[in-house]
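User: I'm new to reading protein models and I'd like a close look at one part of this one. Could you walk me through the surroundings of the ligand, and how they fit into the rest of the chain?

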Amino acid sequence: MVYKYDFLVIGSGIAGMSFALKVAEKGRVGIICKTGIEEANTFYAQGGIASVTKPTDNFEKHIEDTLICGGGLCNRQAVEKVVREAPAQIEELVNWGVNFDMGAQADRRAAPAECDN
Ligand SMILES: Cc1cc2nc3c(=O)[nH]c(=O)nc-3n(C[C@H](O)[C@H](O)[C@H](O)COP(=O)(O)OP(=O)(O)OC[C@H]3O[C@@H](n4cnc5c(N)ncnc54)[C@H](O)[C@@H]3O)c2cc1C
């Protein structure tokens, strides 16, 4: 059998799935997995995502914290990009229906516009 796709995604983690959802508007997408679609680090993540969500927080603190925890191994430019884009990316995941725990933690989620940077 021959399968034809416009986009081929290798792996079913959050990176591959996000890309697949975005390009699905432009063509047919095939996803190749090693075993099942749930066999990815993404499926096992459980501790939450660190992001600036409150006016009392700011991007500089998260950038410095990440660089310190990285013990000199992080690329500052990459850290800055990830930290600054996190609120919008998380909002997008929520809008796609990602099943984050929204119980008592719900108030910790805020629109990116509420961030002070
Ligand atoms: C137990 C655990 C808990 C975690 N908790 C957290 C947390 O609380 N917060 C947090 O932010 N992060 C957490 N992480 C890290 C987080 O899960 C990863 O950083 C994130 O999921 C990576 O996403 P990804 O799409 O880049 O990669 P992955 O989710 O790893 O996806 C990669 C995909 O590629 C596939 N693949 C790899 N090689 C091949 C190949 N040769 N051929 C075909 N397919 C292939 C894999 O099967 C998988 O489907 C945790 C990770 C683990 C394991």
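Analyst: Here's a tour that starts at the ligand, moves out to the strands and helices, and ends with how far to trust the picture.

One thing up front: this is a predicted model. So what sits around the ligand? The shell counts 20 residues, and the closest are Gly11, Gly13, Ala40, Asn41 and Gly47. Sorted by chemistry, the shell holds 9 nonpolar residues, 9 polar ones and 2 charged ones. Two helices chip in here: H1, covering 14-23, and H2, covering 41-44, each provide at least two residues of the shell.

Now let's see where those pieces belong. The chain has 4 helices and 2 strands. Read from the N terminus, the order of elements is β-α-β-α-α-α. Helix H1, which you just met in the ligand shell, also takes part in a right-handed β-α-β unit together with S1 and S2. The two strands of that unit run parallel, and 4 bridges join them. If you want one pair to find on screen, pick Ile10 and its bridge partner in S2, Ile32.

Next, hop over to helix H4, residues 76-96, which is where Glu85 is found. Is Glu85 buried, exposed or something in between? Glu85 counts as partly exposed because 13 other C-beta atoms lie within 10 Å, while a residue needs 20 or more to be called buried. Glu85 also shows how the chain folds back on itself: Ser51 is 34 residues away along the chain, yet the two C-alpha atoms are separated by 9.1 Å.

Zooming out, buried residues make up 7% of the 117 residues in the chain. As for contacts between residues at least 6 apart in sequence, 47% of them link residues at least 24 apart.

Finally, how confident is the prediction? The average pLDDT over the chain is 86, and 86% of the residues reach at least 70. Among the elements, strand S1 (residues 7-10) has the highest confidence, with a mean of 97, and H2 the lowest, at 90. Remember that H2 is one of the helices supplying the ligand shell. The stretch to treat with care is residues 109-117, where pLDDT stays under 50. For that stretch, the model has 15 contacts beyond four places in sequence.

Key
Residues numbered from 1 in each chain as written. Predicted model: local features only at pLDDT ≥ 70, side-chain atom pairs only at ≥ 80, totals over all residues. Near = placed C-beta within 6 Å. Nonpolar A, V, L, I, M, F, W, Y, C, P; charged D, E, K, R; others polar. pLDDT = per-residue confidence, 0-100. Contact = placed C-beta atoms within 7 Å. Buried ≥ 20, exposed ≤ 12 C-beta atoms within 10 Å, placed from the backbone. Pairing = 2+ DSSP bridges. Right-handed = clockwise from strand over helix to strand, strands pointing away.
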